[in-house]
Amino acid sequence: MDKRIIQKVAVLGSGVMGSRIACHFAGIGLNVLLLDIVPNDAKESSDLKLRNKIVNDALQFTLKSNPSPVYSKDVVKKITTGNFDDDMKIISDCDWVIEVVVERLDIKKLIYDQVEKYRKPGTLITSNTSGIPIHMMAEGRTDDFKKHFCGTHFFNPPRYLRLLEIIPTPDTDSTVVDFLMNYGDLYLGKTTVLCKDTPAFIANRIGVYGIMSLFRLIDKLNLTIDEVDALTGPILGRPKSATFRTADVVGIDTLVKVAKGVYDNCSTDEAREVFINPEWLTKMIDNNWLGDKTGQGFFKKTKNAAGEKEILTLDLKTMEYAKRVKPKYPTLEAAKQIDDLHQRLKLLFSGKDVAGEFYRHFHFGLFTYISYRVPEISDELYRVDDAMKAGFGWEIGAFESWDTLGIEKVTLAMQEAGYKVAPWIEKMLQLGNTTFYKTENGKQLCYDPASHTYKSLPGGTAFIVMSNFQDKLVWKNGSCRLYNLGEDVLGLQWFTKMGSIGGDVLSGINTAIEKAEKNYKGLVIANEGNNFSAGANVGMIFMLAVEQEFDELNLAISMFQNTMMRTRYSSIPVVVAPHGLALGGACELSLHADKCCPAAETYTGLVELGVGLIPGGGGTKEFVLRAADELHQDEPETNTLKNRFMSIATAQVATSAQEGFALGIYRKGIDQIIMNQSRRIAEAKKSVIEIFDRGYTTPVQRKDVPVLGRSALGALYAGINGMMLAKYATSHDVVVAKKLAYVMCGGDLSAPSLVTEQYLLDLEREAFLSLCGEKKTLERIQSVLKGGKPVRN
């Protein structure tokens, strides 16, 4: 086993990918050397500012890009820039050299000539190429270089797209491959997929086929761009950018280049003709309509007569841009009512209109193609699904989709429609195997075509998927499922829209804690959708407030507060493992857990001020308590409280788990960032066991929380009034902010005092209830419920 330690990485090439890869490595705490060429007009200059202009400009451009390529702005301090002529020698200090220069083999080989001069023997050397065969780049190199050389294909943007394809050559040492697979997963937070050295590897081979096949289907079914994007977006479990918007973002020229590479280099591909450009696509290339990079592609941003921004869509028949048209199909409208993707997919596939016909042809073609790619591009079919989910943002893999729709039924329908499947599919069905995946004892197994058996997916106990524990179900209600995760640990998850927290979920948390206290070591709380939770069910709050059911609303808020306190003061450790959105009430749950194991990509904050409320589930109380505990001897008490107040008053959201620490939501020395979100549930389970085995004792409710009363209240009120005078706050913002200040100062106390947590909770609940009676608060909530942003009133 390769036990090397990576402390410093060199990234050669500072373009769009190079700079972002450098930022990602710096983001996990490594020192990074980022190099690029010397500008032609600075070759004779001794001025480093001029000689490093290309690399420095590229890095600054990347740091200013949106979404941010870094978890925290501080990571730039770990990146040292330089150029190939002056600084290549510094790679001798690096443990891993990553080449990310232009996609030309001759240029890459010139760079490798320089790398061979300076790299230490045993140093990793990898390429981020997306299309050049890896073995061709290794030709002519030394044995040590070949042994440690491999393809490492990141997807753009590296921070957000989780796929890292690992492509070895026949000369790559197997321990190097194992190291890269593990390191990418554990430290870089990636879904690492082992690929064969075939054209476009796995994700781009399948993904570009999917796009090019849709180009042909659009002509066959007489569809428009707007129709196809509506059919292939979130409704199908794909990103909002769907098909044509994705092509514009990636670059139509890039798409065509990959397609041409497959066509030129895959003479035996049975779908080779699909990779030929339609006539209209060739015309777009000739017109330089390449997407976002040239200002227009399938879509074009413009301004209408009123000066308002407008997005036009290309009509592929006339090659002219026109206003977007929102398509309506009965199948689509029916599918929108179904939250479960697997059930939704079945409905879409069986549709009786043009949309249904589209989905059948689309899936028939996709299933044919992936069946023939095994074993050409991968021996294991789960790698194909992993690559598409992590690289193209699919919520469900291609083989998983086939499973959902029914392999036997769909294969028969495909053959009747003139589509073929690879012989191994027919053999699989003949042997009585009717699914690609199945679950046994909480472990997911995948069909192996070579042996005609099912094999466990790699990772073992490092990856826990709670939905695989259906045979270990302990309890459930309308929204929640509670599982026995083994080793005396329970796991709770819920299935609500955006993970919202309502009565069912609060009941689930209380029941889970009660059951854990009786027979288990502790409890893990996590969800498996795109997000942990967008917060409390504001729809319920709005309904009760509009109907002036304030007694019911008071009970609901009390239940939320009591559940958070039950989480904090239970007799067993409760560990929360959020990812994606963890806002409002979900943030409050994190604040009250014994430990939090957030995924690196967790977006969290107390955002209630945005809808005209204050955090009412213990979040305000908890920030007061933490502000008091953070006081330093030489720091004025008001400053610490003010920082916490501003975090809530401005509805600050941490855009990464690292920022969550900076905002004081996560605690240093207690909470733990999990780089790979697929590992967070297993790590949370491990934490439950560790905390229990250390001798867990129930915490004692605080009765000594210092609050500042009028001495701080006056200062906060003055600041709030100043914000209004400067027109940074509306009159209603002021009303809400003053309620918040009142609670955080402990009320209108004449002198600083010590109070209990319950005292603060009561103030918090009273303020929350009073704001629910405000007309402008209800207007803000209603705006959000309609799918818009809160109105500023």
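This report walks through a small sheet, two nonpolar cores and a pocket in a predicted model.

**The sheet**

Let's start with an open sheet of 3 strands, which come in the order β9-β10-β11 and pair in the antiparallel sense. Who's on the outside here? β9 (299-303) and β11 (320-323) are the edge strands, and each has a single partner strand, so one side of each has no neighbour in the sheet. If you compare neighbouring strands and ignore direction, they are turned by 45° against each other on average.

Here are the two pairings set out next to one another:

| Strand pair | Bridges | Residues between the strands | Residue with positive phi |
|---|---|---|---|
| β9 and β10 | 5 bridges | 5 residues | Gly307, near 85° |
| β10 and β11 | 4 bridges | 4 residues | Met319, near 60° |

Now zoom in on β10, which covers residues 309-315. Which residue of β10 stands opposite Lys300? That's Leu312. Leu312 also has a bridge partner in β11, namely Lys323. A little further along, Asp315 stands opposite Glu320 in β11. As a rule of thumb for looking at any sheet, side chains in a regular strand alternate between the two faces.

**The cores**

Next up is the greasy stuff. The largest nonpolar core has 114 residues, and the ones touching the most other members are Trp280, Phe298, Phe399, Trp402, Trp424 and Phe436. Helix α9 (residues 203-220) supplies the largest share of this core, with 10 residues.

Phe436 is a nice one to click on. Leaving out residues up to four places away in sequence, Phe436 touches Leu381, Phe399, Trp402, Asp403, Ile407, Trp424, Ile425, Met428, Leu445, Cys446, Tyr447 and Tyr454. Apart from the largest core there is another one, made of 77 residues, including Ala545, Phe645, Val734 and Ala737.

**The pocket**

Finally, some empty space. Rolling a probe the size of a water molecule over the atoms shows where such space is left. The second largest pocket holds about 1100 Å³. Its lining has 41 residues, and the closest to the centre are Ala534, Gly535, Ala536, Val538 and Val784.

Which element gives the most to this lining? It's α23, with 5 residues. The elements that each supply at least two lining residues are α21 (503-519), α22 (538-546), α23 (550-568), β20 (580-583), α24 (585-592) and α32 (775-785).

How values were computed:
Residues are numbered from 1 along each chain as its sequence is written. This is a predicted model: local features need pLDDT of at least 70, side-chain atom pairs count only at pLDDT 80 or more; totals for chains, interfaces and linings use all residues. Side-chain values use heavy atoms; hydrogens and water are left out. A nonpolar core is a set of buried Ala, Val, Leu, Ile, Met, Phe, Trp, Tyr and Cys residues joined through side-chain atoms within 4.5 Å. Buried means under 20% relative accessible area, exposed over 50%, partly exposed in between (1.4 Å probe, protein chains only). Contact means heavy atoms within 4.5 Å. Two strands pair if DSSP finds at least two bridges between them. Axes are lines fitted to C-alpha atoms, for helices over the stretch in contact, and angles run from 0 to 180 degrees between N-to-C directions. On a 1 Å grid over the protein atoms alone, a cavity is a set of points where a 1.4 Å probe fits but cannot get out, and a pocket is an open set with protein on both sides within 12 Å along at least five of seven lines; lining residues have an atom within 4 Å of a point. Grid points are joined across faces, edges and corners, and a volume is the space filled by probe spheres set on the points.
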